[in-house]
Number of protein chains: 2
Amino acid sequence: MSHKYVYLFSEGDGSMRELLGGKGANLAEMTKLGMPVPQGFTVTTEACTRYYEDGKVIAQEIQDQIYEYLAKIEEINGKKFGDPEKPLLVSVRSGARASMPGMMDTILNLGINDEVAEGLIKGNPDPSFARFVYDSYRRFIQMFSDVVMEVPKHNFEVIIDELKAKKGVKDDIELDVEDMKELVRLFKAYYKEQKGEDFPSDPRAQLMAAVQAVFRSWDNPRANVYRRMNDIPYSWGTAVNVQPMVFGNLNTNSGTGVAFSRDPATGENVLFGEYLINAQGEDVVAGIRTPSHISKLKEEMPEVYEQFVTIAKKLENHYKDMQDMEFTIENGKLYMLQTRNGKRTATAALKIAVDLVDEGLIDEETAVLRVDPKQLDALLHPQFDAAALKAAKVIGTGLAASPGAATGKVVFTADRAKELAEKGEKVILVRLETSPEDIEGMAAAQGILTVRGGMTSHAAVVARGMGTCCVSGCGEIKMHAEEGYFELGGKKYYEGDYISLDGSTGKIYDGEIKTVEASISGDFGRFMAWADKYRTLKVRTNADTPTDAATAVHFGAEGIGLCRTEHMFFEGDRIKAIREMIVSKTAEARAKALEKILPLQQKDFEEMYRVLEGRPMTIRFLDPPLHEFLPQKENEIKELADDLGISVDELKAVIDSLHEANPMMGHRGCRLAVTYPEIARMQTTAVISAAINVNKEHPEYNIVPEIMIPLVGEVKELKFVKDVVVETADKLIAEAGVKLEYMVGTMIEIPRAALTADEIAKEAEFFSFGTNDLTQMTFGFSRDDAGKFLDAYYDTKIYEFDPFAKLDQTGVGKLVEMAVNLGKATRPDIKLGICGEHGGDPSSVEFCHNVGLDYVSCSPYRVPLARLAAAQAAIKAKKA
Amino acid sequence: MSHKYVYLFSEGDGSMRELLGGKGANLAEMTKLGMPVPQGFTVTTEACTRYYEDGKVIAQEIQDQIYEYLAKIEEINGKKFGDPEKPLLVSVRSGARASMPGMMDTILNLGINDEVAEGLIKGNPDPSFARFVYDSYRRFIQMFSDVVMEVPKHNFEVIIDELKAKKGVKDDIELDVEDMKELVRLFKAYYKEQKGEDFPSDPRAQLMAAVQAVFRSWDNPRANVYRRMNDIPYSWGTAVNVQPMVFGNLNTNSGTGVAFSRDPATGENVLFGEYLINAQGEDVVAGIRTPSHISKLKEEMPEVYEQFVTIAKKLENHYKDMQDMEFTIENGKLYMLQTRNGKRTATAALKIAVDLVDEGLIDEETAVLRVDPKQLDALLHPQFDAAALKAAKVIGTGLAASPGAATGKVVFTADRAKELAEKGEKVILVRLETSPEDIEGMAAAQGILTVRGGMTSHAAVVARGMGTCCVSGCGEIKMHAEEGYFELGGKKYYEGDYISLDGSTGKIYDGEIKTVEASISGDFGRFMAWADKYRTLKVRTNADTPTDAATAVHFGAEGIGLCRTEHMFFEGDRIKAIREMIVSKTAEARAKALEKILPLQQKDFEEMYRVLEGRPMTIRFLDPPLHEFLPQKENEIKELADDLGISVDELKAVIDSLHEANPMMGHRGCRLAVTYPEIARMQTTAVISAAINVNKEHPEYNIVPEIMIPLVGEVKELKFVKDVVVETADKLIAEAGVKLEYMVGTMIEIPRAALTADEIAKEAEFFSFGTNDLTQMTFGFSRDDAGKFLDAYYDTKIYEFDPFAKLDQTGVGKLVEMAVNLGKATRPDIKLGICGEHGGDPSSVEFCHNVGLDYVSCSPYRVPLARLAAAQAAIKAKKA
């Protein structure tokens, strides 16, 4: 027996989403519940997958099954495809596993031709019905030509306009039945002219072409982009639903509408939606007529309304979630065409989840699973005013690097950003790319826009940490910073011109747009408490300053998983001392420069420890290559040389000697501590002294410093640096005459560290997976350069997601899992965490839970997201 | 019972090398064979390891055992330590598992003090004996102070010189017994002045300090360097041999000597060596007196000579290898102090191995194991004339990047190298670093010297491929190329000045040194035939030109494992076409530029196929980032812009747009083919057309092209490029109407490729491990930058070898093994090879054999080495 590729609605149910797609499964479920659904069939997602495997051909056995099921629905509906007496017209709609609204194609009124049209009219002498039939017919030609045969819809609109001009009328409704007939004739002629063949009049041929078009639409560019944004695998494919048409545009006793069982904007428990009398679905979308609020249906068709309310409640109770439903009324009879869990705003999502628990419909665990962690971002950042946004003009798109909305005046330098911000101006800092020196300007800006750099570029990472809106890597920008402007969307923007950024979508807008502040509703606290109750994974934050640490603690961080000490080195006088250290020629001179940094660094740590009030903090020792601390520009070099009392040539020689072909793989991380152990010694002194001091002030904090050595690839390397740390720390502790425990651990961010984690765990008391670098090394591409080819990789579907945003579980994840197992084999109680950007991505958090990490660490504004994702992972794992 | 740390010679045997060290095991073996060996004891290598584990302290239990065994040898020898009546004097010598000649410390005459000296003299009234005793005493003070207490030996020589001046004599022998006594007094006074305490007169204290000094010498800098050069692990430690002294300097009926059972220079089967009458070992080394050839002993002491000849033959037959022996004659009695397998030249190694087989002493397999593969290099490259080298002055040292000796005039540019070479001059090209544009100049030079770059830098790789001597990464050089000179060893070298390079040692010499050409003896062919008989691993070569390919075939290469197509792009007009392609703005313009390259590339492949005469060739598609093809210098940019008919600004914009932060991890490898499939299409056309053409000329070649896609990290990426290749190839084959098989495979050089090799093997018909890049990514450091910190890593013993020269089996090897297993699981007949530089390193070749690769591929001049290493790996595996 051949494989079953087609199912009647009555053969399926709601659990068969993978095979039948969401729409198909729900149509089957509604059928099972006895609801009024026009009975059709679903061609499975497997048929779609097979279509692509077979080289974009629908196999004969699938075609045979489609015709077989067509015969079945003809019998069920008492109509016949292509039969002028009792013609069956159908809709052909896509329906993937996950809802992808508007991304794929739909064809209505399929099965019509000249004979069928005349046959339909014969059965109903009303002249308005004849107009309706020919209107449907011309719409079908238009839709079919566009969707199936790639003759643009717009070209048909031109023909309509020409006819209206000829007749001297303005609106489509002024065209009569004869005009519609004429349009059908003109459309078919135009089709023939374009395609060199007659418009297909055989309904069976129409059907197969339409099924194929839906399959094909799975691979259209907007679907591909949507999938990448929503983590939907290309391999899933789409199902196709073939359903007898019901006509909301049959007469004034007919209509069509869309409704939600609760308000999708606020979550309020009221029926929400709109409908149009005497219309098809398209008309609602087209916006020519204004739909009525669903409550008005109670007056117009009280029985239908009651029936619909009952069905809506029943569906909500059945699915135990807010439903988004489509319905059509044909001549006073209600038909359900679709139901699905409705999309909702973050606020609504929280309210509905909490309300459903209070109503006893779902339990807390289910409620926790109901909110997409990514939605929480919207609650924590300002957003554009929805009305203002409608009028705004998009001038370009970059990467959605750090969420939130920002509006302000263009500035090109960090200094200028700071200056204007101090005067109370709102500014957007626009840069080719940012560097650590820009940090104060970045903090002063409302938003940051960069030409280069990906999701983990300096700008992106720092902005997310600050909670500042950032759009990065907008390569369309032509930068002329020296001439004082940039070009985008065909316009030049000078300093002081307004632009607006949406860091959640990556869109860049011309001019000023009103923003609304973030507001955290009462439901938030209750909901997050449930999440915390069910999660086992701890959530820490990546923070380098007391301010960031305080923000993160406010958002529920349980400690700091990554404190990057180098970020502390760029402020004020410190950079000078660091530079003095770098140009030092002897260990003694270096030690002398380091002595100047010590008290500043120690003070930083003391402040951090005070903010954390006893929460743990993992401090990573100096990581970046030293050349990052030196200036590149001629005048800055001269200034620094004068400052340091050396010649420009001498300083240039130092800069040259620090130049690296591949700095990412260069002299950085623990390699600095191996060559300059005095740096590790100074940093250890700062950490341990800070802990001793703050423990003295607050014995209840009981601080246990966690010192993390970065970029380790070999256990002996770790041991070398650890020996320096332990020697220094033990001496300080002994001198202070106190008891102080501390831990020394390492980042796992070099493939070799993961491969030899059993060895490394002999020295490391904890591992923190640095998945940014681990991803770079494992894939062999640098995040700074990957932009040049990643687009080609997305276009060709070699990659379906950005491995810097979402952890690559196949490759990088394999290394992580290997390291977890090897590490635990050596040291069963080893503490395991992740501090890469992936710590704030829900699917990656789930992975971390599943491989047995103890905590994830992410930027402060992602802490709630990670808490929720961790809870969902725990609940899913328990249920599985 | 406590662990046994000390063994009498009579308690051990030759198999206990790991525990007793080579010297100790052989002394035990000679004892077992009944040979005249002064009976002493060995402190084990475990005691040394423990010494380091305990923080450089000799544990009490080890000290106790040493004294216990001292008592035993006192009894055996009938003498007593520190006893003036019958004093026992001992030598204390190091002896590691592997011979490390001269690297560690030795102390003779230990056990002497004032009383012992007087006691000795009492027993022998001869006044020359008294002089001998005090001479031995002062030597001991000198040696002990130097080795154990770090008071430099030289300072004592100054005291001797002062005494001689005062006495008005010239030679040491003119000093009489009273002078020697005076020296002992002066030495002890000087020691006290230096160390603030009396010279230790307690023999037991002397002994323990000497043992500790030997342990300590395991960690001295020259031992560390020697170990790194010879792959001896630091963890092995050294044993210490304590042996009663016998005195070759007792009288004229005494003497000392060193002899080899065969000639270590030629391998000839004659006793070879020298001796001195009335002397200690030191005197032979000091070179004040000229030793006699061993054959003269036959006349001077016929009985002793006969006894020695018998022992030498017996030892050679016993060890079945040429022996290097030390002996002493005390008052007419022969004592054996050491035997070991003798070091020998490459020529001798081959001859001895072949002769021993002919003599029936060893079988072919054993013979194959007897020659160090690395020695073969010396047979294939010119060497310095030994006599001329003695007079030469070393001015610096770099990395021994490509073996051989070269002498010539300094030039600073590739053009100048070519120019002078065409005039018949011998030149050494001296560069900061080389780039592909230098290729012709490199080929014209006798040797290449670079300031930057490691063992796998461009200069090193290309030089090895050409068989040209190269010393790379000599950071001591101060380069002033624009002023026309460089500084090294305190001297300025201008164009035209002579320098000499030894690419086998990394040494750089001042001036011209005579070289002798390589010569391959008749034994070579016979020996290599045995190697080929026993190996199972195939050996291919990395070659990009017909010349290199021919050289490699001459050296026994069985095909090409890596043909880097980009190297073909730098010659003459091609670079212009490539540049035209790079600046193209559309796929069409690119295709047009590629059309110009096609016939040239096809011709290259045709020539290669002709040279190979049917041997397989793996062709790697374009790999380097495109910016490598563009000029960097202002004038060259201008020239190129004119050439291409675009503005300088336009060209600069292209160069800027190709700039990468980390080019090693940038837009290269198959990423080029994904973004520009037309490049892969052109290269496929060239390969397939070449194969078709040459197959037509020579049907017997039956060429099966092997196309290799580089830098793959994801199977879909490989599939994308493979689809382009297959489509193009199949079309060409069909058009030609021929039958042609071809293979498409990939490099495994990105960690993710190794981790997902099961997936990748679905598309790849072969894997070639690119262990250069795989090492970079796995360790997370770039070979271009690692030089900045690797020295610190060697000094701290974090790394004991260069992972770019010798495959890191712990980390990188784990990935290789994983990929082999995953690949075979998917495709059991997958062909596996390695084409990184490691293919020419013996220990790495052994690894490749053991993990089940089918072949290794290395530079042409390393092919014999790889053949031998592969044979040794097979034989070792069989024996294990």
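This section describes the interface between chains A and B, the nonpolar cores, one helix at the chain boundary and one buried serine in a predicted model.

In the predicted model, 49 residues of chain B are in contact with 49 residues of chain A, and the area buried between the two chains is about 4300 Å², with carbon and sulfur atoms giving 60% of that area. Across this interface four salt bridges are found; one of the pairs that form a salt bridge is A:Lys716 with B:Glu800, for which the closest N and O atoms are 3.3 Å apart. Polar contacts between chain B and chain A amount to 26 residue pairs, counted where both residues have pLDDT 80 or more. On the side of chain B that touches chain A, two or more residues are given by each of α25 (648-658), α26, α28, α29 (751-755), α31 (771-779), α32 (787-795) and α33 (812-826) of chain B, and by class this side has 22 nonpolar, 14 polar and 13 charged residues.

Helix α32 of chain A, which spans residues 787-795, holds the buried residues A:Phe789, A:Leu790, A:Ala792, A:Tyr793 and A:Tyr794. The cover over the buried residues of α32(A) comes from both chains, and includes α9 (221-230) of chain A as well as α26 (670-675) and α28 (715-736) of chain B. Just after α32(A), a positive phi of about 60° is taken by A:Lys797.

The largest nonpolar core has 269 residues, of which A:Tyr609, A:Ile709, A:Phe767, B:Tyr609, B:Ile709 and B:Phe767 touch the most other members. When residues up to four places away in sequence are not counted, A:Phe767 touches A:Thr746, A:Ile748, A:Ala757, A:Ile760, A:Ala761, A:Ala819, A:Gly823, A:Ile830, A:Lys831, A:Leu832 and A:Gly833. Apart from the largest core lies another, of 76 residues, including B:Ile107, B:Leu108, B:Met143 and B:Ile159.

In chain B, B:Ser94 lies in strand β5, which runs over residues 90-96. B:Ser94 counts as buried because its relative accessibility is 12%, the cut-off for a buried residue being under 20%. Although B:Ser94 and B:Val214 are 120 residues apart along the chain, their C-alpha atoms are separated by 5.9 Å. B:Val214 is also among the residues that B:Ser94 touches, the others being B:Lys23, B:Met104, B:Asp105, B:Thr238, B:Ala239 and B:Asn241, with residues up to four places away in sequence not counted.

Conventions:
Residues numbered from 1 in each chain as written. Chains lettered and ligands numbered in written order. Predicted model: local features only at pLDDT ≥ 70, side-chain atom pairs only at ≥ 80, totals over all residues. Heavy atoms only, no water. Buried < 20%, exposed > 50% of the residue type's maximum accessible area, 1.4 Å probe, protein only. Helix = DSSP H or I, 4+ residues; strand = E, 2+ residues; numbered from the N terminus. Contact = heavy atoms within 4.5 Å. Core = buried A, V, L, I, M, F, W, Y, C linked by side-chain atoms within 4.5 Å. Buried area = accessible area lost by both parts, 1.4 Å probe. Salt bridge = Lys/Arg side-chain N within 4 Å of Asp/Glu carboxyl O. Polar contact = N/O pair within 3.5 Å; in protein donor to acceptor, adjacent residues only side chain to side chain. Nonpolar A, V, L, I, M, F, W, Y, C, P; charged D, E, K, R; others polar.
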